[in-house]
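Here's a quick tour of a protein model, from the whole chain down to a few individual residues. Have a look at the structure first, and then we'll go through it.

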Amino acid sequence: MLVLGSLTQIKLPPPIPTTSCSSSNRSEKALVTKRRSLLLCPAAVVASLLHFYNPISSQPSAIAQQQLQDELQREEDRAVNLFQKTSPSVVYIKDIEIDKSLKGSPNAVSQSEDDSAKVEGTGSGFIWDKFGHIVTNYHVVAKLATDQTGLQRCKVYMVDARGNGFSSEGKIVGLDASRDLAVLKVNIEGHELKPVVLGTSSDLRVGQTCFAIGNPYGYENTLTTGVVSGLGREIPSPDGNTIKGAIQTDAAINAGNSGGPLIDSYGHVIGVNTSTFTRKGSGTSSGVNFAIPIDSVVRTVPYLIVYGTPYSNRF
């Protein structure tokens, strides 16, 4: 504006008096030439300054793009590190039916080869402590819990703190069908386990990033990401009651994810993945998935380990 305004401040020199027609023409031509020079010179300055102060510059755009790429890379690195740190604490559970010839054997699970045992179902769980307690959903081990034939078993696949994979029979030590929770105990002789890090669910916020680790459809160590979509939901429990305060998430939870941990951006467990609404006739997740809040789990699991039943069932 200052440059454009300066055009009005330019004073033209007074015309030179002439006595002849030819000299008058020359002076008029000179005056026109001077006016053109005066007009063209500021115009060039304006164009130069506008170019110099142009906010749409290639250099800032390149910097912003690089910053965006760096931020995306940092987010990816955080997700990779989180999975690497947390996945050794997640287990894969197989519900199997052993051969009748092995019914009385104490080592029936170890003697049953994967290809000979009948797999009734699969699920997930996570290491609660270093003593071999595994937390999962009640409905994952329901066949073992209600078995009348003596042929049902749970085989738990896990990784120790050194990264060595091994398997062991999981024996039920506690059940709570009203909260869809169960605790298994595995033999960890010769192995050191890496328990999960427990978080809290009381301070969760809708929109918060979360991650689910499990074994959907038998694909071990699968990571899915999403956000906390809702809080305080009510979902049905296996015994027909209602689980209150459930966490809703759009992180994919499918068959085989049940019992696995829902974790926050710090790798802390905030819930136990338990159910999903499926599209009718498809059997696939609709994106409306639920987890039992970890605060409820923390209140229940110690009683299941010590007494085998929840606190409410002791009286």
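Of the contacts in the protein chain between residues at least 6 apart in sequence, 64% link residues at least 24 apart. Keep in mind that this is a predicted model. The protein chain has six helices and 14 strands. It runs to 315 residues, 37% of them buried. About 18300 Å² of the protein chain is exposed, with carbon and sulfur atoms supplying 55% of that area.

Now for the interior. In soluble globular proteins, nonpolar side chains tend to be buried together. Here, the largest nonpolar core holds 18 residues, and Val135 and Val297 are the ones that touch the most other members. Strand 7 (181-185), strand 9 (209-214), strand 13 (268-278) and helix 6 each give two or more residues to this core. Helix 6 gives the most, with four residues.

Val135 has plenty of company: leaving out residues up to four places away in sequence, Val135 touches Gly125, Phe126, Trp128, Ala182, Val183, Gly259, Val297 and Val301. Apart from the largest core lies another one, of 15 residues, including Ile93, Met158, Ala182 and Ile188.

What about cysteines? The structure holds zero disulfides. Cys154 counts as buried because its relative accessibility is 0%, under the 20% cut-off. Cys210 is buried too, at 0% relative accessibility.

Next, two residues with partners far along the chain. Here are their C-alpha separations:

| Pair | Separation along the chain | C-alpha distance |
|---|---|---|
| Pro310 and Ala177 | 133 residues | 9.5 Å |
| Leu198 and Val269 | 71 residues | 4.9 Å |

Pro310 sits in the segment after helix 6 (294-307). Is Pro310 buried or exposed? At 2% relative accessibility, Pro310 counts as buried. Not counting residues up to four places away in sequence, its contacts are Leu175, Asp176, Arg179, Thr300, Tyr303 and Leu304.

Leu198 belongs to strand 8 (residues 197-198). With a relative accessible area of 34%, Leu198 is partly exposed, because that value falls between the 20% and 50% cut-offs. Which residues does Leu198 contact, leaving aside its neighbours within four places in sequence? They are Trp128, His268, Val269, Ile294 and Val298. Trp128 also turns up among the residues that Val135 touches.

Note on methods. Residues are numbered from 1 along each chain as its sequence is written. This is a predicted model: local features need pLDDT of at least 70, side-chain atom pairs count only at pLDDT 80 or more; totals for chains, interfaces and linings use all residues. Side-chain values use heavy atoms; hydrogens and water are left out. Buried means under 20% relative accessible area, exposed over 50%, partly exposed in between (1.4 Å probe, protein chains only). Contact means heavy atoms within 4.5 Å. Accessible areas come from the Shrake-Rupley method with a 1.4 Å probe; for residues, only the protein chains shown count as cover. A disulfide is a pair of cysteine sulfur atoms within 2.5 Å. A nonpolar core is a set of buried Ala, Val, Leu, Ile, Met, Phe, Trp, Tyr and Cys residues joined through side-chain atoms within 4.5 Å.
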